[in-house]
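Q: Please take a close look at the salt bridges in this model. Tell me what they join and what lies around them.

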Amino acid sequence: MNIIVCVKRVPDSESRIVLGGDGRSIDTQGIKYVLNPYDEYAVEEALRLKEGAGAGSVTVMTLGGEESKETLRTALAMGADQAVLLKGHPSSDGLGTAEKLAAAIKEREYDVVLFGKQAIDDDNLQVPAMVAELLQLPCATVVVAVKIDGNKVTAEREVEGGHEIVEFELPGVIAAQKGLNEPRYPSLKGIMAAKKKPLEEVDVGDAEERLDFIELMNPPERAAGEIVGEGPDAVPELVRRLREKAKAL
Amino acid sequence: MASFAGVDYYDTDSLLSEEERAVRDTIRAWVDERLLPVISRCYAEHRFPSELIPQMAEFGVFGANMPEKYGCAELNNVAYGLIMQELERGDSGIRSFASVQSSLVMYPILEFGSEGQRMHWLPKLAKAEVVGCYGLTEPDYGSDPGGLTTRAVKDGNEWVISGTKMWITNGSIADIAIIWAKTGALDDPGSIRGFVVETDRDGYVAKDQEGKLSLLASDTSEISLQEVRVPSENLLPGSSGLTSPLMCLNQARYGIAWGAVGAAMACYEEALSYAKNRVQFDRVIAGYQIQQIRLVEMLTEITKAQLLAIQLGRLKDRGELRHTQVSMAKRNNVNVACEVAREARRLLGANGILLEYQSMRHMANLESVYTYEGTHDIHGLIVGEEITGISALR
């Protein structure tokens, strides 16, 4: 089974985001970047699918700059076989990025293309479905379980208030949701081996930008909490406020 | 639990390679996700979390800086140090386990063992299928190990070993012990040799050390050897004199110099976060001069200790490290960690005495770390002898 996993380098969710001087970008100083957490589920699933099939290879791919090599090597350290860096700047909306990825995927042999369901930086949730559309492939997003039997894929999707089961024929696109698996830690040997695994670089140019950033804003400061009392005596008042003011009950 | 973002005031990250950072971040995440959630309970129950051993082995923590052909990850010494740093950020007891397995059990087999012994033991120790302990210290010979009274007497094709070893980390859970014994006269430290002793042999008894107030999530034992017979091939052929066990300690001390930085970082981070949230007299205590200075002192000492550790590792990787430099780093960094832990505990006020917070656990642990693998004072005298040319001990 040949699997392509598309990944993205994103700021660690623990990083404190500071707006840049132009008000349209973030200050990258002091930000730690990581492999997008949803992509970790995708990489893990790819490794499991390959291990289950007993043959094949896992290729991780990203669109980005030189610095994205570190992200690719994280996936290689987990166990992916090779990496492809599409050198170019991703677009702010999904389509430009999806076009670059789809063009590169088209030229390769694959049975499944895996993604994380979203990147935690821009939270667009667009690219997996767009790549599937551009490649005319079936696509299951927000997937929490996958079974592949021969050519038939059964995927369990998380939907509002429940789950749904979908089936499709390979090749296809799967976008991973949290809960799909528990991503493995890279082993120390894996980290050392990652440097020696093939990492192909292809100049693809910047993705077409269809959105203009006008302004970035911090979320409004949260107002201080209110202490309604202490101990069991405070419970009725707390319940009343949760019901009437916060409308949480 | 929020993941640890690191303490790095001087951008020491830029002194590390991508692989070194990846190794550190992997162990760091594991400590956050797997060790920290269970460590307080283990500490309260006086229990070493042995259920974590297989995961550490799967990473390749044990003997991580040793050759691949023995099943090890062959990392450089800086990466190895960073592993120790992160483990001790969790708890000194966990780092102690890893230090003993790697530096005090695998290292002597690598350094003084035959190729047969290496091929037999090292892969099993790396996978932690076999757990080891290290028997040098005795009830009456701590800082002066050359006086040890454990004897090994040749009897045909066997060695017969008798004696008592004390303060043995992993002593009760170990499958093998590296035992140092005199094969000649008791006043001849040159006759000290190392032996691999399987702990299921007749006459080997390990007894848990009762009443500890430090390293509670670690196994510490007294070992008694009563005419324990081992085949002659259990002798480590390359071991010779007191220098051999001291070489092992030097490896372990190297890891401790890094580990202490981890414990100090944990305490500093806890103190900083507490100070920014704890309100007294209508404002957070981080706004008061006394706490700011306290935090700055902590951070300054941690930063110096980090730089010391990194340069120590670079020297070791270049093969230029002197054991006296390891002594200086062990002495300084553990002392820094002790002070930082104590100050953090104080900053936390009454909460600081609770197990729910980390600082007092580290503070108590670090008193052992200050003492073992060469006490603070002895390391001072090792450096003192080098710079003056005069031994203060003899």
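**Charged pairs and their surroundings**

A: Let's start with Asp25(B), which pairs with Arg24(B) in a salt bridge whose closest N and O atoms are 3.1 Å apart. By salt bridge I mean a side-chain nitrogen of Lys or Arg within 4 Å of a carboxyl oxygen of Asp or Glu. The general idea is simple: side chains of opposite charge can pair when their charged atoms come close. Asp25(B) counts as partly exposed because its relative accessibility is 24%, whereas Arg24(B) is buried at a relative accessible area of 6%. The scale here puts buried under 20% relative accessible area and exposed over 50%, with partly exposed in between (1.4 Å probe, protein chains only).

Before going on, a caveat: this is a predicted model, where local features need pLDDT of at least 70 and side-chain atom pairs count only at pLDDT 80 or more, while totals for chains, interfaces and linings use all residues. Residues are numbered from 1 along each chain as its sequence is written, chains are lettered from A and ligands numbered from 1 in the order in which they are written, and side-chain values use heavy atoms, with hydrogens and water left out.

Back to the pair. Asp25(B) and Arg24(B) belong to a salt-bridge network that takes in Asp13(B) and, from the other chain, Lys32(A). Across the interface of chain A and chain B, the rule finds 5 salt bridges. One partnership to look up is Arg21(B) with Glu70(A), where the closest N and O atoms sit 3.3 Å apart. Between chain A and chain B, 6 residue pairs are in polar contact, with both residues at pLDDT 80 or more. (A polar contact is a pair of N or O atoms within 3.5 Å; within protein, one must be able to donate a hydrogen and the other to accept it, and residues adjacent in sequence count only if both atoms are side-chain atoms.)

Which elements of chain A give two or more residues to the side that touches chain B? They are α2 (68–78) and α5 (188–194) of chain A. Of the elements, α5(A) gives the most to that side of chain A, with 4 residues. Helices (H or I, at least four residues) and strands (E, at least two) are DSSP runs, numbered from the N terminus.

Now the whole interface: 13 residues come from chain A and 24 residues from chain B, contact meaning heavy atoms within 4.5 Å. About 1600 Å² is buried between the two chains, and carbon and sulfur atoms give 58% of that area. Buried area is the accessible area (1.4 Å probe) that two parts lose on being put together, summed over both.

The structure holds 47 salt bridges over all chains. In chain A, Glu201(A) and Lys69(A) meet through their side chains at 2.9 Å, N to O. That pair ties together distant parts of the chain, with Glu201(A) in strand β11 (residues 199–203), Lys69(A) in helix α2, and the two positions 132 residues apart. Glu201(A) is partly exposed, with a relative accessible area of 39%, while Lys69(A) is buried at 13%. In chain B, Arg47(B) joins Glu51(B) in a salt bridge, and the closest N and O atoms are 3.1 Å apart. Arg47(B) is partly exposed at 32% relative accessible area, and Glu51(B) is partly exposed at 42%.

For a polar residue outside this list of pairs, try Gln101(B) in helix α4 (residues 92–112) of chain B. Gln101(B) is buried, with a relative accessible area of 0%, and its side chain reaches the backbone oxygen of Leu125(B) at 2.9 Å. Leaving aside neighbours within four places in sequence, Gln101(B) touches several residues, including Phe62(B), Met106(B), Ala128(B) and Val131(B).

Finally, some background on chain A. Its secondary structure comes to 6 helices and 11 strands, and its C-alpha atoms fill a box of roughly 65 × 45 × 40 Å along the principal axes. Of its 249 residues, 40% count as buried. Among contacts between residues at least 6 apart in sequence, 71% join residues at least 24 apart. Ile26(A) lies in the loop between β2 (9–11) and β3 (33–35) and is partly exposed at 30% relative accessible area. Neighbours within four places aside, Ile26(A) contacts residues including Ile17(A), Leu19(A), Ile31(A) and Leu216(A).
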